[in-house]
Amino acid sequence: MNAIEAIYKRRAVKQYDSDHRLSAEEEQTLLTAMIQAPTSFNIQHWRFVILRDPELRAKIRKEYGNDQAQMTDASLLILFAADMKAWQKNPERYWANAPKEVSDLLVGWMGPFHEGREWLQRDEAQRSIGMAMQTVMLAAQELGYQSCPMIGFDLAKVAELVKLPDDHVIGPMVAIGKGIKEPWPKPGQLPLEQLVVENSF
Ligand SMILES: Cc1cc2nc3c(=O)[nH]c(=O)nc-3n(C[C@H](O)[C@H](O)[C@H](O)COP(=O)(O)O)c2cc1C
């Protein structure tokens, strides 16, 4: 499957074969592909909580997840989070293999760029989450699986359940598995002309 095909084939699929299991190798392929997505300053501030425990998944679905079946039936359920302070935490490691002048430049710039701009730290974290989400969903297409991004859950309660650290932000989940029902047709795609402006609004 080429990239354009994967982009068009990906749909938010809601029903999954709950008996299907991913092999360890497939899971590894997906997770490793996911972290090839770009991040600002290569900070890689995303953190991925693999929700593996069936009881935990059932609790999230019933109590905090609006009874979304994907939460229990998908083969893989990933909760996306990000460390908003990763830019402060030994940032040299993000440029360890770059030429020294490049590393010095980027690491030196990283601090002043983020310092005192809490809103930006949060935005950057969520941008990275979004990149990783789409990357893993497209990788799932390539492996013959379907996926569903989900923000329809009680963010605060789920953050508490997974013991999200204070300096992390919670994002959506992505469910991946063997879809058993075709999604409805695209619900209402806006035409390109309503979305694109030339040069300025
Ligand atoms: C951040 C985000 C959160 C979403 N949350 C949910 C959700 O909680 N449950 C759900 O069934 N679909 C959810 N969706 C799926 C969207 O409804 C879906 O992507 C949109 O209707 C377009 O359909 P398509 O992805 O099949 O093209 C979410 C999508 C995104 C990007």
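Me: Before the sheet, when do two strands count as paired here?
Reply: Two strands pair if DSSP finds at least two bridges between them. This is a predicted model.

Me: OK, so how many bridges join S2 to S4?
Reply: Strand S2 (residues 76-83) and strand S4 (residues 168-177) are joined by 7 bridges and run antiparallel. Within S4, Met173 is the residue opposite Leu79.

Me: And what's the strand order in the sheet?
Reply: S1-S2-S4-S3, in an open sheet of 4 strands with antiparallel pairing. S1 (46-50) and S3 (146-150) are the edge strands; each has a single partner strand, so one side of each lacks a neighbour in the sheet. From one strand to the next, the twist averages 25°.

Me: Which strands does H6 touch?
Reply: H6 packs on the sheet and touches S1, S2, S3 and S4. Its direction makes about 10° with that of S4.

Me: Switching to helices. At what angle do H2 and H6 cross?
Reply: Roughly 145°, with the axes of H2 (residues 24-34) and H6 coming within 8 Å. The crossing is right-handed.

Me: Which residues meet there?
Reply: From H2, Leu30, Ala33 and Met34; from H6, Ala132, Thr135, Val136, Ala139 and Ala140. That contact divides into 7 nonpolar residues, 1 polar and no charged.

Me: Last one, Ser128: buried or exposed?
Reply: Ser128, in helix H6 (residues 118-142), has a relative accessible area of 2%, so it counts as buried, the cut-off being under 20%.

Me: What is Ser128 in contact with, leaving aside neighbours within four places in sequence?
Reply: Thr39, Ser40, His45 and Trp46.

Conventions
Residues numbered from 1 in each chain as written. Predicted model: local features only at pLDDT ≥ 70, side-chain atom pairs only at ≥ 80, totals over all residues. Heavy atoms only, no water. Helix = DSSP H or I, 4+ residues; strand = E, 2+ residues; numbered from the N terminus. Buried < 20%, exposed > 50% of the residue type's maximum accessible area, 1.4 Å probe, protein only. Contact = heavy atoms within 4.5 Å. Axes fitted to C-alpha atoms, helices over the stretch in contact; angles between N-to-C directions. Left-handed = near helix turned anticlockwise from the far one by under 90°. Nonpolar A, V, L, I, M, F, W, Y, C, P; charged D, E, K, R; others polar.
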